[in-house]
Amino acid sequence: MDTASYHEYHPPGQHPKDSAVAKLYFRHGTMDSAKTLNLLAVAHNYRSQGKRVLLVKPRMDDRFGAASIRSRAGIEAEADLLVDPDSRLDPAFFAGVDCVLVDEAQFLSVHLVEQLRALTRGGPPVICYGLRTDFRTHLFDGSRRLLELADSIEEVKVTCQFCNRKAIFNLRMQADGAAELDGPQVELGGNDRYAPACFGCYGARTGLFPPLAG
Ligand SMILES: [Zn+2]
């Protein structure tokens, strides 16, 4: 490609140099995989070195404590920024920030994931923590876009609640412990109704993916 045609598609001055582009990370894991604890540990490490981190979270609801990023281990921090699906990120808000950490990233809109990706041009690295799939094994919209756009995709691992294999799914249960496959994708405040499960245990409880008939 000669210089003229290159500049046709990459107008000079429009984008910072490659060296000014930071990475977008998606660290996914099931329920109970200590994603939030991992996020808060990263935040602590940056802050103990005198660096600035910004904690971001989808708003989801306005109940008391909605801005709190709380791990099951009991450690928590306040989100610096709550985002809505149609939020517009102001780059000035991120000036001088060393790292952006996003909790519950599966609930980000596609529009927001794309803005976070754009923010890494000349901005800080962005590390998103979230579920990969919902209780029916389907990708969340935010997670799909993160899988498509992230430089780095990492798994936060946890053991299946029912055996010793690695969990990859989120089993949703009714009050009596029976598997649930109906209902809305998101049920706020019902975290104790979910269990991390491996493929075998998830299938045994839901009846999904039975063995192929021979
Ligand atoms: Zn299992």
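This report looks at how one protein chain is built around its buried residues.

The structure is a predicted model. Its chain has five helices and ten strands. Of the 214 residues, 30% count as buried. Among contacts between residues at least 6 apart in sequence, 80% link residues at least 24 apart.

Let's step inside. In soluble globular proteins, nonpolar side chains tend to be buried together. Here, the largest nonpolar core holds 29 residues, and the members touching the most others are L101, V102, V126 and C128. Six elements each give at least two residues to this core: β1 (24–28), α2 (35–48), β2 (53–58), β6 (99–102), α3 (110–119) and β7 (126–130).

Which residues does V126 touch, leaving out those up to four places away in sequence? They are L24, Y25, V100, V102, L116, L119 and T120. Apart from the largest core, there is another core of twelve residues, including M31, I168, L171 and A197.

Now take a look at strand β2. Five of its six residues are buried, so β2 is largely enclosed by the rest of the structure. Strand β2 runs parallel to β6, joined by four bridges, and β2 also runs parallel to β5 (residues 81–83), joined by three bridges. The table gives one bridge for each pairing.

| Residue in β2 | Partner strand | Bridge partner |
|---|---|---|
| V53 | β6 | C99 |
| K57 | β5 | L82 |

To find β2 in the model, you can start from V53 and its bridge partner C99 in β6.

How values were computed. Residues are numbered from 1 along each chain as its sequence is written. This is a predicted model: local features need pLDDT of at least 70, side-chain atom pairs count only at pLDDT 80 or more; totals for chains, interfaces and linings use all residues. A nonpolar core is a set of buried Ala, Val, Leu, Ile, Met, Phe, Trp, Tyr and Cys residues joined through C-beta atoms within 7 Å. A residue is buried if 20 or more other C-beta atoms lie within 10 Å of its own, exposed if 12 or fewer, and partly exposed in between; C-beta atoms are placed from the backbone. Two residues are in contact if their C-beta atoms, placed from the backbone, lie within 7 Å. Two strands pair if DSSP finds at least two bridges between them.
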